[in-house]
Every structure is written in structure tokens, then in C-alpha cells.
Amino acid sequence: MEIDSTLERFLKDNFAVEAAEIKIVEYKENYAKCKIDVKPVHLNGDGVVMGGVLYTLADYTFAIAGNYKRAHTVSLNGSISFLSPANSAVVYAEAEIVKDGKSTCVGSARITDGNGKLFAVYSGTGFRKSK
């Protein structure tokens, strides 16, 4: 994957990259896909991926999609609905910007396993600010 200014900036996100260990799989205009190789540190007391990990994965993926070759976009709002326990070895988020405005964007993300089993859905709104 070619490193451009969007990718370079998001690879510096210490929490997402270092602590959560999120890996960027693919990104392009209005779209991004990221993943986490699930480790014990990602699990809650019930042995499934912690909800906060899934939220971080979705929000980070949404941010990449919303910032691709754009002004700096920050979250105005983000929400997630958990549909089933995430109990797979790898968890993916695929985010798509569905409204790409001048000052705001709206996107959604699907959080799945490698076979497409849906664990959660995310919705976010971003504000495009000047650098």
C-alpha cells in the first residue's frame, strides 16, 4: 500500500495503532477497511471482544474514510449498535462515507469477522475543519 499523507497521519495515531493494534487494510475515496487480530488484551471478562475495542475500530476506520484527500475531519458524533458477541480471531471494520459535504460528512461502518458475520454497525458524523 502506498503511503500518502492520509495514511501517514493515521499511522501516527498511537492509541489505534499501538494500543488497539489496528491495521489498515485498504482505503480510497469515501471508503476504508481496517482489522484487528484479536489478542487476549482485546477481550472482556466474558471472553469476547470488548465493545470499546469494536467502537475504536469502527471510529478509526470511519476517520480514515472521511479524511482521505480531504481537510482534517473530526468526529461530531459516533454511535454503535452491538448485534452479537464478537468471538472471532480477526475483526474487520468497513466504513463508507454516504454523505460527502463541504463541511460535514456522514458515514457508516460494518464490523464483521472474516466470513462476513455481522457483530456491530456504526454511524458517524464528521466536521471538516481547516488545518
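These are my notebook entries on a few residues and the nonpolar core of this structure, which is a predicted model.

**Entry 1: the core**

I started with the largest nonpolar core, which holds 33 residues. Which of them touch the most other members? I found Ile22, Ile24, Tyr60, Ile64 and Ile111. Next I looked up where the core comes from: α1 (5–10), α2 (14–19), β1 (22–28), β2 (31–37), α3, β4 (90–100), β5 and β6 each supply at least two residues. Helix α3 gives the most, with nine residues.

**Entry 2: Ile22**

I picked Ile22 from that list and asked what it touches beyond four places in sequence. My list reads Ala16, Val17, Cys34, Lys35, Ile36, Thr56, Leu57 and Tyr60. Tyr60 turns up again here, as it is also among the core residues that touch the most other members.

**Entry 3: Thr61**

I moved on to Thr61, which sits in helix α3, residues 51–67. Is Thr61 buried or exposed? Its relative accessibility is 0%, so I put Thr61 down as buried. Then I checked what packs against it, skipping neighbours within four places in sequence. Thr61 is in contact with Ala32, Lys33 and Cys34, and also with Ala93, Glu94 and Ala95. Cys34 was already in my notes as a residue touched by Ile22.

**Entry 4: Asp113**

Asp113 is in the loop between β5 (104–112) and β6 (118–128). This acidic residue is buried, yet I found no salt bridge for it. How far away is the nearest side chain of opposite charge? That side chain belongs to Lys117, and the distance is 6.1 Å. A salt bridge would need a separation within 4 Å, so Lys117 does not count as a partner of that kind.

I then looked at what the Asp113 side chain does reach. One hit is the backbone nitrogen of Asn115, at 2.8 Å. Another is the backbone nitrogen of Lys117, also at 2.8 Å. So my note on Lys117 has two parts: its side chain is 6.1 Å away, while its backbone nitrogen is reached at 2.8 Å. Leaving out residues within four places in sequence, Asp113 is in contact with Ser88, Val90, Tyr92 and Phe119.

**Entry 5: two positive phi angles**

Last, I looked at backbone angles. Glu21 is not a glycine, but its phi is positive, about 60°. Glu21 lies in the loop between α2 and β1. With a relative accessible area of 22%, Glu21 counts as partly exposed. Asn30 is another non-glycine with a positive phi, this one about 65°. I found Asn30 in the loop between β1 and β2.

Key:
Residues numbered from 1 in each chain as written. Predicted model: local features only at pLDDT ≥ 70, side-chain atom pairs only at ≥ 80, totals over all residues. Heavy atoms only, no water. Helix = DSSP H or I, 4+ residues; strand = E, 2+ residues; numbered from the N terminus. Buried < 20%, exposed > 50% of the residue type's maximum accessible area, 1.4 Å probe, protein only. Contact = heavy atoms within 4.5 Å. Lys, Arg positive; Asp, Glu negative; His and termini not counted. Polar contact = N/O pair within 3.5 Å; in protein donor to acceptor, adjacent residues only side chain to side chain. Core = buried A, V, L, I, M, F, W, Y, C linked by side-chain atoms within 4.5 Å.
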